[in-house]
Amino acid sequence: MNEPTRGPTKTIEADYLVVGAGAMGMAFTDTLITESEARVVIVDRAHQPGGHWTTAYPFVRLHQPSAYYGVNSRPLGNNTIDAVGWNQGLNELAPVGEICAYFDAVMQQQFLPSGQVEFFPMSEYLGDGRFRTLGGVEYAVTVHRRIVDATYLRAVVPSMRPAPYSAAPGIDCITPNDLPKFATRDRYVIIGAGKTGMDVCLWLLRNGIRPDKLTWIMPRDSWLIDRATLQPGPMFIKQFRDSYGATLEAIDNATSVEDLFDRLEMAGTLLRFDPTVRPTMYRCATVSQPEYDQLRRIADVVRMGHVQCIEPTEILLDGGSIASTPSALHVDCTADGAPQRPATPVFDEDRITLQAVRGCQQVFSAAFTAHVELAYEHDALKNELCTPIPHPDADVDWMRLTHSDLRNFSRWLGDPELTDWLGSARLNLLADLLPPLSHKPRVRDRVVSMFQSKLNTASKQLEKLLSDHGHDGTDQ
């Protein structure tokens, strides 16, 4: 195939070159142009903004309330409580179509009309401020401030890569994207225990497939978050504060790692599917109580490690094999939707590498990073405020992540300007824990100081528990 004829390289200028128009790149750019006059060039491989959402399976929804997702300046959804379904009584969860339309609207109705943003979709970033469009035109961007890597935490969904195991000829092994295309089968084998696996199980159950037709291959059991404890808005504020307080109390009173997880489970902070199986995984997955109850209806849960290969009459796993049938539909849910990348400095001379600075809150982290970039002068202070928190994987990572969250949050509250920004940021999951901006400064300072003290006490206790467990608590 002939490549497009390349002409001379075109030169453009910008204050920031943002590589990646996924959720983090969009949230960063939004805060940047809202709080400054910065000029931004955004480059992305896809045909529209939205990152992995543009290739995700058609029935995926947010696992967190829409109120906490997107960009700071524009609400996602209608701030409604679901009246039907397994999320009934809780804040709405945007489906993939709404999310893609939302990011497209942010780009078309806000970013581009502002005159501050140029967007180059279907373009390959070549490094050193250079990129090539689908038509073969090469651009060199003169970047006056920073190049922003918004791809470091790039999510991977099953449709992006082949399954990590082999399947014999004639075996149907599909990604969740293709699931709605298939007629009913006598057996469904769901491979993977993370959010995608849960989504596929729930979709099948919601569409009338009986639980006894499902085989769920679960290499590791996971600790789950009860979504009811993470709800925004006035009607949930007491429950949210009580839950956060119960978490701090569980940490303060814990005598060991095992005791801590027992206390967190008793407090309703964490859930597990089987009370006889101790989870070894934690990846910030959330479930509503009805979803949890539905998933527990699946009796055929296989805990024999990862799949090695699928044969016509059996599935070989790390710990043995199980019988299967050629007519079964196997759904691969094993992609790492939130890769555990090592922490690297967010601010490094002429570069910014976007990472989570609050556990599992990537879009908030990106908006916060943009604010810190604009509001503070020196990189040493900026990096102190933006300490990266790698995504969790193992159960003990709940402790590492929470320790980092407590430490970062306490540090932020030591800065009155930053505290005000946190109190007004739509994407801030913890905004309801802060005293209202309308409070008198002296009263507000006293409340913040007391809150800081509680955070510091819990942080030190987690350090001790991690140390006793043989873990130093630092982010890897």
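In this predicted model, the cysteine pairs give a count of one disulfide. The link in question joins C284 to C360, with an S to S distance of 1.8 Å, which lies within the 2.5 Å cut-off applied to a pair of cysteine sulfur atoms. About the S-S bond the angle is 60 degrees, and the link of C284 and C360 is right-handed. It is worth pausing on where the two partners sit: C284 belongs to strand β13 (residues 281-287), while C360 is found in the loop between β20 (351-353) and α7 (362-375), so the pair ties together parts that are 76 residues apart in sequence. Both C284 and C360 are buried.

What of C201 and C309? For C201, the closest cysteine sulfur is that of C333, and at 7.3 Å this is too far for a bond. C201 is nonetheless buried, with a relative accessible area of 0%. C309 is likewise in no disulfide, the nearest cysteine sulfur being that of C173, 12 Å away. With a relative accessible area of 12%, C309 counts as buried, because the term covers residues under 20%.

Turning to the strands, a reader following the fold will meet an open sheet of four strands, arranged in the order β7-β15-β16-β17 and with mixed pairing. Its edges are formed by β7 (166-167) and β17 (320-323), each of which pairs on one side only. Strand β16 (residues 314-317) and β17 run antiparallel and are joined by four bridges. Within this part of the sheet, L317 stands opposite G320 in β17.

Among the helices, α5 offers a helpful view of packing. This helix spans residues 257-267, and its buried residues are V257, D259, L260, F261 and L264. An aspartate, D259, is thus listed among the buried positions of α5. The partners against which these buried residues pack include both strands and helices: β11 (222-226) and β12 (270-271) on the one hand, and α4 (237-253), α9 (397-413) and α11 (441-468) on the other. Just after the helix comes G268, a glycine whose phi is positive, near 85 degrees.

Taken together, these features bring out a disulfide between C284 and C360, an open sheet with β7 and β17 at its edges, and a helix, α5, whose buried residues pack against elements including β11 and α11.

Notes
Residues are numbered from 1 along each chain as its sequence is written. This is a predicted model: local features need pLDDT of at least 70, side-chain atom pairs count only at pLDDT 80 or more; totals for chains, interfaces and linings use all residues. Side-chain values use heavy atoms; hydrogens and water are left out. Two strands pair if DSSP finds at least two bridges between them. Helices (H or I, at least four residues) and strands (E, at least two) are DSSP runs, numbered from the N terminus. Buried means under 20% relative accessible area, exposed over 50%, partly exposed in between (1.4 Å probe, protein chains only). Contact means heavy atoms within 4.5 Å.
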